[in-house]
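Work through the exercises below with the sequence and the 3D view open. Try each task before reading its solution.

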Amino acid sequence: MTDSFIPFDDMRRRLEGAIAGLGAEAVPDGIGRLYLVRDLFGRVRISASDAFEENRHVRSALERLAAALSEALGARGYPADEGVLFVGDGLLETLDDTAQEIRSRVFLADRLVTGRGWWTVGEADEDAARSRITLYSVKGGVGRSTTAAVLAWHLSRKGERVLAVDMDLESPGLSSAMLETERRPKFGLADWFVEDLVGQGDLVVDDMLAAPAWAQIFEGDVRVAPAHGRDPGEYLAKLGRVYMDTADESWTGRLERVLTTLESSFRPTVVLLESRNGLHDIAAASVTDLNAEVLLFATDSESTWTDYGILFRHWRERDLAERIRERVSVVSALTPVPDREEYVRSFRAQAWDLFRDHLFDEVDATGDPVGDFSFDLDEKNAPHDPLEIGWNLGFAAGASLQDLDEETIDSAYGKFLKSFDERVHVSGEEDEP
């Protein structure tokens, strides 16, 4: 085994080199797909079907490969005699969500906290009865909770039935932005997740929704599902158990199940999902797996564009761009009032660079797009054309929605709401419950 330092980012190159060094003997005949599994510690070993456990030819070939991987990966591998696991075919099938083919019939699969992370994008459901909209950002402090509250206010005034769900369980804020203290429900999303682990989820779901007083005068209706109930209780202890997969269901499957249950109860026309921020794979579910339109909140800062670049490049390299790009729209959060035009011009250019390099179709030598999904820098209503939210002292001070007047909301959100209605959610008869 090598004694040299092997960084995580060097693993794939070393894996490919070790396999190439064995030539045609690297993958035994008849085994089908061979999985190299990178575990939560970032160490790799071979997983193969237990149907081959007694096959001497296959075992011998896999042991040679395990020895080569051990030598190539150092601390990132396992000792040769621990480098092969024979497992059931059902377990092997669960690896497909994150598997990347690194050579014919050889796949590198990642074990993740939630099992899927950013590696998959769910199929769009054209027949979905309700419109889900995710509010996501790679950075915190960009006004997602406030925007969710303002959208609920705006849409309910137009007659929509709005369900707002606080999925930012590490930094919950939606209920304080939308609900009066005395109106908060007994339970929240975190309570459902821990009770569901012991079969009691159905016993709390009826006490997870609450209606804000300010929405009672509107034509539509609003319900809020907070992160926790009016009494958080042992919230930190709950939080440590929230993101668990079960033997029968992934965490993302459980999330879809509780959302579907809440939707069936309230029958909303619009569902607003405030996502956890950041690049952690737990945040991925609300962006990739819930059949939602996605608002990507950003500020015009180098660190923000760098982080979105990591995510967009990941989608492109895993051939996921075409499945996510039509769902996303970028939001210029906290847009400054002074020099606003210059700020938005810079923001749009940075966003265009990001989309052009990773999500838009390529252009040929003449500058014409190779496919149908490509946009010019100044093209209006393109995914990179920002929906603008203005900076406002009232919102910056953390005021609750019920404390703000219509003039203040219009000052900060007037342009955003107009663009939102035109591009993201167009009301119509198909939205009626």
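**Exercise 1.** Find helix α2 and say which strands it lies across.

Solution. Start at residues 56–73, which form helix α2. This helix lies across β1, β2 and β3. Its direction is about 165° to β2. Contact here means heavy atoms within 4.5 Å. Angles run from 0 to 180 degrees between N-to-C directions, with axes fitted to C-alpha atoms, for helices over the stretch in contact. Helices (H or I, at least four residues) and strands (E, at least two) are DSSP runs, numbered from the N terminus.

The model is predicted: local features need pLDDT of at least 70, side-chain atom pairs count only at pLDDT 80 or more, and totals for chains, interfaces and linings use all residues. Residues are numbered from 1 along each chain as its sequence is written, and side-chain values use heavy atoms, leaving out hydrogens and water.

**Exercise 2.** In what order do the strands of the five-stranded sheet run, and which are its edge strands?

Solution. First, the order: β3-β2-β1-β5-β4, an open sheet with mixed pairing. Two strands pair if DSSP finds at least two bridges between them. Next, the edges: β3 (84–87) and β4 (100–103) each pair on one side only. Then the turn: neighbouring strands are at 35° to each other on average, direction ignored. Now look at one pair. Strand β2 (residues 44–49) runs parallel to β3, joined by four bridges. Ser 47 stands opposite Leu 85 in β3. Finally, add another helix. Helix α1 (residues 11–22) lies across β1 (34–38), β2, β4 and β5 (106–110), at about 45° to β4.

**Exercise 3.** Trace the seven-stranded sheet, then find the helices that lie across its strands.

Solution. The order is β8-β7-β9-β6-β10-β11-β12. This sheet is open, and its pairing is parallel. Its edge strands are β8 (221–225) and β12 (387–390), each paired on one side only. The twist averages 20° from one strand to the next.

Now the helices. Helix α8 (residues 251–266) lies across β6 (131–137), β7 (161–166), β8 and β9 (270–274), at about 150° to β7. Helix α12 (residues 340–358) lies across β10, β11 and β12, at about 150° to β11.

**Exercise 4.** How many residues of β10 are buried, and which strands does β10 pair with?

Solution. Take burial first. Five of the six residues in β10 are buried. Buried means under 20% relative accessible area, exposed over 50%, partly exposed in between (1.4 Å probe, protein chains only). Next, the partners. β6 and β10 pair in the parallel sense over five bridges. Thr 134 stands opposite Val 294 in β10. Strand β10 (residues 293–298) also pairs with β11 (residues 328–335), parallel and over five bridges. Here Leu 296 stands opposite Val 330 in β11. Phe 297 has Val 331 as its bridge partner in β11.

**Exercise 5.** Which residues of the largest nonpolar core touch the most other members?

Solution. The core has 37 residues. A nonpolar core is a set of buried Ala, Val, Leu, Ile, Met, Phe, Trp, Tyr and Cys residues joined through side-chain atoms within 4.5 Å. Met 178, Leu 295, Phe 416 and Phe 420 touch the most other members. Helix α4 (residues 144–157) gives the most to this core, with seven residues. Now follow Phe 416. Its contacts include Leu 151, Leu 295, Val 331 and Ile 389, not counting residues up to four places away in sequence.

**Exercise 6.** Why is the ring pair of Phe 312 and Trp 315 classed as it is?

Solution. The structure holds 17 aromatic pairs. Ring centres of Phe, Tyr and Trp (its six-membered ring) must lie within 6.5 Å; planes under 30 degrees apart count as stacked, over 60 as edge-to-face and the rest as tilted. For Phe 312 and Trp 315, the centres are 5.6 Å apart and the planes are at 40°, so the pair is tilted. Both residues lie in helix α10 (residues 302–317), three residues apart, about one turn of the helix.

Now turn to Phe 355. The rings of Phe 312 and Phe 355 have centres 5.1 Å apart and planes at 85°, so this pair is edge-to-face. Phe 312 lies in helix α10 and Phe 355 in helix α12, so the pair ties together parts that are 43 residues apart in sequence. Phe 312 and Phe 355 are buried.
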